[in-house]
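Q: Please take one part of this model and look at it closely, then connect that part to what surrounds it. I would like the terms pinned down with their cut-offs as you go.

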Amino acid sequence: MGRSSRLPQVPQETGGLDPVGATPMMAQYIEIKAANPDCLLFYRMGDFYELFFADAEIASRALGIVLTKRGKHAGSEIPMCGVPVERADDYLSRLIALGHRVAVCEQTEDPAEAKKRGPKSVVKREVVRLVTPGTITEDRLLDPASANLLMAIGRQKASESGFVYGLAAIDISTGRFSLSEVPAGELSGAIARHDPREIVLSEAIHADPALARLWQDTRAAIVPLAQAELEPAAAERRIREQYGVSTLDGFGRFTRAEIAAAGTGLLYIARTQLAARAPLAVPSREETGATLAIDAATRANLELTRTLSGERTGSLLATIDRTVTANGARLLAEHLAGPLTDLGRIVRRQEAVARLVEDPALRQSCREALASAPDLPRALSRIGLGRAGPRDLAAIRDSLAAASTIAETLRATTGLPAALVEIGRALSGVDPELARTLSAALADELPLSRRDGGFVRPGFLAEIDEARLLGQDSRKVVAALQARYAEETGCRTLRIKHNNLLGYFIEVPQSVGEACLKGLQKEFVHRQTMVDAMRFTSVELGELERKISGAADRALALESEVFDDLSGAVVSALASLGAVAEALASLDVAQSHAAMALENDWRRPIVDESLSFAISGGRHPVVEAALRRTGEPFIANDCDLSGEGRGRIRLITGPNMGGKSTFLRQNALIVVLAQMGAFVPAASAQIGRVDRLFSRVGAADDLARGQSTFMVEMVETAAILNQATRRSLVILDEIGRGTATFDGLSIAWACLEHLHEANACRALFATHFHELTALGDRLARIDNATLKVAEHRGGVVFLHEVVPGIAERSYGLQVARLAGLPASVVSRAGAILKSLEKSQGGRSARARIDDLPLFATLSPPPPPEPAPEPVEDSVALLLDSIDPDSLTPREALEALYRLKRERAERLVSG
């Protein structure tokens with residue numbers, strides 16, 4: 001179950017191979033593989049990561065690389081494949097995308113050291129990290145615009161028959177760490193909202209039959225852990241150890257389920273990161289009901305972050321994204337996935353957007369500065385994990401420069417709303433000395449890895465400059481010393497030379513050498529006499545030789561020390577740098593909303609505590625954007641579902657292709673945009689706060705789970721009717737169309753009644769059952785609306801305009817003709833339609849509905865009739881005289897015969 005179970009699993013037999021009889025290297029491989037049986041093992045050999053045995057077979061298929069052989073083990077050839085180290089990230093990303101876990105095994109000593117232990121000694125190796133879908137930190141493996149969440153799940157008994165679930169959402173690549181608790185019925189929606197790459201949970205939760213379908217449906221890789229590792233006391237201890245505290249009281253109040261989830265997540269992170277401790281933010285708790293509840297079906301149906309085909313392009317997120325930083329793009333997606341229900345927070349976001357809309361110069365200035373800010377959170381995470389390179393330090397430097405520019409701009413601007421004031425304050429919260437040091441220390445052109453050297457700016461540290469000079473310009477240094485010695489000795493033919501035996505030496509003619517021995521150059525030390533020359537050394541030359549021979553290593557070591565010092569300074573400022581990252585992202589999201597508003601004439605909505613829902617000139621943001629690219633206009637429509645104490649329901653009838661589904665979805669999307677703090681595609685909008693959003697538009701079957709289109713429709717509809725409250729917004733389209741006509745009509749009618757009477761929510765209900773329009777006269781809060789159509793020369797023109805009224809036709813034949821059905825089929829369908837309509841005798845929808853017993857309860861009650869005179873019922877008298885508990889079997893049989901005789905006599909006499 002789950003994504004991981006649908007993928008090829010790493011076989012366990014490698015861990016059971018006997019190292020006896022294997023070569024020393026293969027014995028080492030088998031030992032390391034046995035410790036990591038559930039991972040593909042990337043085994044470092046020189047410039048390649050090699051895979052052997054079953055791992056090689058899996059990787060060769062997954063990556064499309066050649067499978068070769070290397071020696072034999074236990075009489076069989078050993079399968080092998082490999083990937084070059086310099087391209088390893090490309091191959092890792094492909095394996096991770098397929099759901100595989102990879103153990104990276106590195107050489108931990110110099111091969112020369114291994115040779116000292118003997119000719120057959122093997123270089124020491126060990127696994128330095130486990131790479132899994134939810135624990136990636138490398139930029140090249142990550143999508144800059146998407147969070148890479150690991151979700152840990154814990155649970156506690158809420159009652160004798162149910163559980164509550166704790167969720168820990170952790171992004172190790174940015175340090176994000178949030179906790180929440182949900183009832184069992186909302187677990188699916190919470191997982192869909194976070195959209196994790198990997199889920200870690202106990203074996204007991206994974207094996208729960210009630211959750212089997214959830215794990216089957218999720219896109220994330222599933223990793224069950226043994227229950228014995230997840231004791232409650234151990235969970236709290238792991239949290240304390242992560243943050244070095246003796247109590248969790250300073251972090252706020254967490255539930256037992258949340259602590260269990262946090263402990264599970266920290267255990268898994270520690271296991272995958274080995275010695276490295278992830279620099280996670282202090283866990284924040286999401287209060288129940290703090291975000292707009294949107295279930296998984298509604299998220300998919302509305303295509304919030306991806307289309308039904310799984311693509312980002314064409315989704316609402318892709319349409320509204322005007323961010324210029326990766327951090328801002330991720331925060332925008334987070335806001336879209338979890339719109340707010342707290343009016344105060346919604347208004348704060350709106351005020352920031354409004355100010356940037358009103359001041360385009362301020363917005364443009366901030367936007368330009370933001371565009372120069374790299375991905376600060378992910379750079380901070382890599383530095384904290386000890387996996388950073390010089391470019392990560394440069395990301396800190398450039399982000400601080402952008403933050404300083406924006407902070408100065410905001411300080412110079414008066415009348416800012418509270419949100420922008422707080423952003424400016426956070427951007428100024430880092431000691432400016434850190435930015436100055438990073439700017440002074442880092443070169444303009446930087447390598448990817450610290451091992452490459454050359455990243456410290458010339459002039460920052462004299463010792464590094466000297467070492468580089470010796471390493472890069474040793475000939476110049478030797479030539480300068482040679483010239484000085486030649487001048488001092490007066491020997492123009494003096495030379496400084498080098499060979500493998502003597503190293504560097506001074507060579508002079510025999511005559512000059514003799515003079516040097518007699519005191520001409522007292523610091524010269526005789527090394528060798530030749531036929532016509534003599535060779536010397538000096539203390540200065542010996543020191544120079546040592547410096548030259550270790551110059552490159554010394555330069556790299558000194559640069560490494562500088563790197564560690566700079567990284568330490570960054571880690572010391574982690575809290576304030578994290579605040580800078582959050583502020584930059586928040587500002588980027590605000591300017592993105594402002595850009596959308598200015599580009600597309602979006603307006604600030606009013607969101608309040610009423611049950612209002614009044615949209616004037618509303619548009620579908622995605623459809624409008626698509627039409628704009630083709631030069632076509634979008635027809636805006638109004639929608640009013642406002643009510644006092646109870647919301648109104650708009651019942652929409654009209655033709656196929658008339659625009660019903662677009663109209664339904666656009667109003668749902670306007671709610672999402674409004675409550676995430678954005679402006680909306682409408683001339684005006686007043687929306688009473690929505691607590692839950694439900695959308696059931698379109699149909700699809702699920703044959704893999706044995707569910708027909710109609711079954712899926714009914715399951716989703718049941719969830720809506722059972723969960724919607726007065727504050728909810730419900731969008732329903734074509735309920736009941738998946739079954740027989742009267743079955744479907746009856747179901748649609750009953751659902752509409754339930755929404756009106758029991759849920760009392762605001763709702764849009766589109767249908768082709770025109771009979772339902774009769775409810776507009778009977779139920780006080782139902783209004784009828786239709787899509788305007790113009791008929792022209794036997795065809796139909798869809799005007800996409802929603803107006804009050806009722807559609808008596810669906811124009812199905814016209815749509816069929818437009819779709820290209822053969823003319824003979826369309827003609828025959830028209831004849832059948834006329835025959836069916838004639839068979840109804842021209843009776844109205846109301847008359848046909850009144851004939852159905854299902855709807856009789858809604859008809860006006862008939863006038864009361866005089867009560868009939870009571871008639872003595874002899875059968876009833878006999879029944880009243882019988883005490884079943886006191887009868888013998890024979891007496892009971894006699895009583896039954898008496899009742900049958902009495903019944904027969906009444907029938908004869910009556």
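**The largest cavity and its surroundings**

A: The largest cavity is lined by Thr 325, Asn 327, Gly 328, Ala 373, Pro 374, Leu 376, Pro 377, Leu 584 and Ala 585. Two or more of these lining residues come from each of helix 13 (326-337), helix 16 (376-385) and helix 25 (574-600), where helices (H or I, at least four residues) and strands (E, at least two) are DSSP runs numbered from the N terminus. The model is a predicted one, in which local features need pLDDT of at least 70 and side-chain atom pairs count only at pLDDT 80 or more, whereas totals for chains, interfaces and linings use all residues. Residues are numbered from 1 along each chain as its sequence is written, and side-chain values use heavy atoms, leaving out hydrogens and water.

A cavity here is a set of points, on a 1 Å grid over the protein atoms alone, where a 1.4 Å probe fits but cannot get out, and lining residues have an atom within 4 Å of a point. The count comes to 1 cavity of 30 Å³ or more, and the largest cavity has a volume of about 30 Å³, taken as the space filled by probe spheres set on points that are joined across faces, edges and corners. By class, its lining holds 6 nonpolar, 3 polar and no charged residues; Ala, Val, Leu, Ile, Met, Phe, Trp, Tyr, Cys and Pro count as nonpolar, Asp, Glu, Lys and Arg as charged, and the others, Gly among them, as polar.

Two of the lining elements lead on to the packing around them. Leu 376, one of the lining residues, is also among the residues that Leu 577 touches, together with Leu 380, Ile 396, Leu 400, Val 430, Leu 434 and Val 570, not counting residues up to four places away in sequence; contact means heavy atoms within 4.5 Å. Leu 577 is itself one of the residues with the most contacts inside the largest nonpolar core, along with Ile 396, Ile 406 and Leu 427, and that core has 105 residues. Helix 25 supplies the largest share of this core, 12 residues. Apart from it lies another core, of 26 residues, including Leu 150, Ala 168, Ile 239 and Ala 262. A nonpolar core is a set of buried Ala, Val, Leu, Ile, Met, Phe, Trp, Tyr and Cys residues joined through side-chain atoms within 4.5 Å, and buried means under 20% relative accessible area, exposed over 50% and partly exposed in between (1.4 Å probe, protein chains only).

Further along the chain, the loop between helix 19 (432-441) and helix 20 holds Pro 447, which counts as buried because its relative accessibility is 16%. Pro 447 is 7.9 Å from Gly 389, C-alpha to C-alpha, although the two are 58 residues apart in sequence. Leaving aside neighbours within four places in sequence, the contacts of Pro 447 are Pro 390, Arg 391, Asp 452, Gly 453 and Phe 455.

After this loop, helix 20 (residues 462-472) has Ile 464, Ala 467, Arg 468 and Leu 470 buried. These four cover an arc of only 165 degrees around the axis, which puts them on the same side of helix 20, the arc being that of the directions from the helix axis to the C-beta atoms. The buried residues of helix 20 pack against helix 21 (474-489), helix 23 (539-549) and helix 24 (551-572).

Helix 23 can be described in the same terms, its buried residues being Leu 541, Gly 542, Leu 544 and Ile 548. They span an arc of only 160 degrees around the axis, which places them on the same side of helix 23, while Val 539 and Arg 546 are exposed on the other side. The partners against which the buried residues of helix 23 pack are helix 20, helix 21, strand 14 (495-499), strand 15 (503-509), strand 17 (533-538) and helix 24.

For the wider setting, the protein chain has 35 helices and 27 strands, and buried residues make up 48% of its 910 residues. Of the contacts in the protein chain with a separation of 6 or more, 68% are between residues 24 or more positions apart.

Note on methods: On a 1 Å grid over the protein atoms alone, a cavity is a set of points where a 1.4 Å probe fits but cannot get out, and a pocket is an open set with protein on both sides within 12 Å along at least five of seven lines; lining residues have an atom within 4 Å of a point.
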